[in-house]
Number of protein chains: 2
Amino acid sequence: MSEKIVLHEYADSGNCYKIRLTLAHLGKAYERREYDILKGETRTPEFLGTVNANGRIPVLQVGDRFLPESNAAIFYLAEGSPLIPGDRWDRADMLRWMFFEQYNHEPNVATMRFWKLFVGEENWTDTQKLLAPVKAAAGDAAMKLMDEHLEGRSFFVGDALSLADIALYAYTHVAEDGGFDLKAYPYVKAWCDAVALQPGHVQIGD
Amino acid sequence: MSEKIVLHEYADSGNCYKIRLTLAHLGKAYERREYDILKGETRTPEFLGTVNANGRIPVLQVGDRFLPESNAAIFYLAEGSPLIPGDRWDRADMLRWMFFEQYNHEPNVATMRFWKLFVGEENWTDTQKLLAPVKAAAGDAAMKLMDEHLEGRSFFVGDALSLADIALYAYTHVAEDGGFDLKAYPYVKAWCDAVALQPGHVQIGD
């Protein structure tokens with residue numbers, strides 16, 4: 001993989017952070033290209049035509065090819081590294097947690113963070129007002145499930161850091177931005193601390 | 001993989017159908033165990049304690065181990081088969097469409113089908129009434145993106161059937177149950193027909 005890597009991103013997004021954290025663990029060099037999603041910079045004709053027709057970041061560019069979807073991007077980058085388990089069952093179990101993250105966790109935990117931190121409660125539409133308690137409850141249910149799974153475990157799959165941890169860490173460790181109380185999830189809290197202590201770790205703001 | 005395979009499922013669910021379709025293409029024998037999700041049979045203490053703490057089907061059981069998340073289950077089953085591309089980029093691109101399916105497609109296209117076909121519009125809550133047009137528009141946006149991608153292509157990734165096609169076919173080919181008009185997406189329609197003509201294909205009702 002000697003082709004140049006470019007990350008098309010919005011630095012505060014946890015989905016973009018997953019890719020930076022993976023690249024940091026892999027020790028890979030890359031360029032960053034920042035888009036202001038609040039100004040619609042990922043909905044321009046140029047972005048839609050070249051980078052991602054879905055109008056979303058992050059997108060991983062390798063040479064002249066573009067790969068949307070954060071969890072697909074980190075899978076591409078990490079193939080052949082210890083971040084993907086060598087065992088077939090564990091590898092599928094890692095993907096299980098990554099699909100859980102995109103289905104049960106991100107639409108609730110990340111959306112609440114976006115609505116509270118970037119939109120601002122005073123600007124919420126009626127739909128957002130109606131959905132906020134639904135998303136808060138669903139986010140809590142996701143973190144409760146994580147907490148129960150992590151009791152007696154150091155990492156989500158096997159006994160080493162994998163992409164499942166990176167994918168779930170991205171928005172979990174900043175869940176308090178979205179109004180969630182991490183103290184209610186002691187095993188999640190301990191796991192967050194352990195992930196942050198891994199060699200090669202970088203922070204979301206880095 | 002000589003361990004016994006059991007699919008914990010609800011036959012009408014597209015997520016469960018993905019696994020049956022993958023198993024059919026692989027020619028693998030398995031048992032089916034049916035749960036009535038409308039009667040809460042996946043929320044019993046026994047189901048939550050043994051099969052899936054997330055209270056959802058499908059769950060793939062291999063021997064005495066359980067794997068939730070349909071797209072993780074089909075990845076496990078298909079490893080080493082032509083349903084997962086051998087090329088690293090194509091493999092990640094396949095996962096890209098599978099994550100798109102769970103994030104942009106299923107929560108809209110599948111949810112509208114569930115609300116229309118199983119809940120019934122006359123029983124919708126105020127929240128469902130408010131969200132239905134939002135989900136209809138988001139489902140249409142997902143299928144428009146698919147249609148544009150499929151112009152000039154036979155399958156989602158490379159030139160052969162992969163798990164990306166199986167994952168997206170499951171709810172797309174029955175999208176009209178959810179009020180979507182497949183005639184608006186001619187390349188999607190042609191791709192649906194092509195997927196159904198593949199050797200080894202089974203139907204959702206089988």
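This is a short tour of a two-chain predicted model, from a sheet in chain B to the interface with chain A.

Before you start clicking: in this predicted model, local features need pLDDT of at least 70 and side-chain atom pairs count only at pLDDT 80 or more, while totals for chains, interfaces and linings use all residues. Residues are numbered from 1 along each chain as its sequence is written, chains are lettered from A and ligands numbered from 1 in the order written, and side-chain values use heavy atoms, with hydrogens and water left out.

**Stop one: the sheet**

Select chain B and show it as a cartoon. Four strands make an open, mixed sheet in the order E2-E1-E3-E4. Strands here are DSSP runs of E with at least two residues, helices are runs of H or I with at least four, both numbered from the N terminus, and two strands pair if DSSP finds at least two bridges between them. Color 31-34 (E2) and 65-68 (E4) of chain B to see the edge strands, each pairing on one side only. From one strand to the next, the twist averages 20°.

Now pick 59-62 of chain B: that's E3, antiparallel to E4(B) and joined to it by four bridges. Show B:Gln61 as sticks and look across to B:Phe66 in E4(B), which stands opposite.

**Stop two: helices on the sheet**

Add 88-119 of chain A. This is helix H4, which packs on the sheet and touches E3 and E4 of chain B, at about 35° to E4(B). Contact means heavy atoms within 4.5 Å; axes are lines fitted to C-alpha atoms (for helices, over the stretch in contact), with angles from 0 to 180 degrees between N-to-C directions. Next, select 14-26 of chain B, helix H1, lying across E1 (5-9), E2 and E3 of chain B at about 155° to E1(B).

**Stop three: the interface**

Show both chains: 36 residues of chain A are in contact with 36 of chain B. Together they bury about 3700 Å², 67% of it on carbon and sulfur atoms; that is accessible area (1.4 Å probe) lost on being put together, summed over both parts. Put A:Trp89, A:Phe99 and A:Tyr103 in sticks: they supply 24% of the area chain A buries against chain B, more than any other three residues.

Zoom to A:Glu79 and B:Arg91, whose side chains meet in a salt bridge at 2.9 Å, N to O. The count between the chains is two, using a Lys or Arg side-chain nitrogen within 4 Å of an Asp or Glu carboxyl oxygen.

Note on methods: Buried area is the accessible area (1.4 Å probe) that two parts lose on being put together, summed over both.
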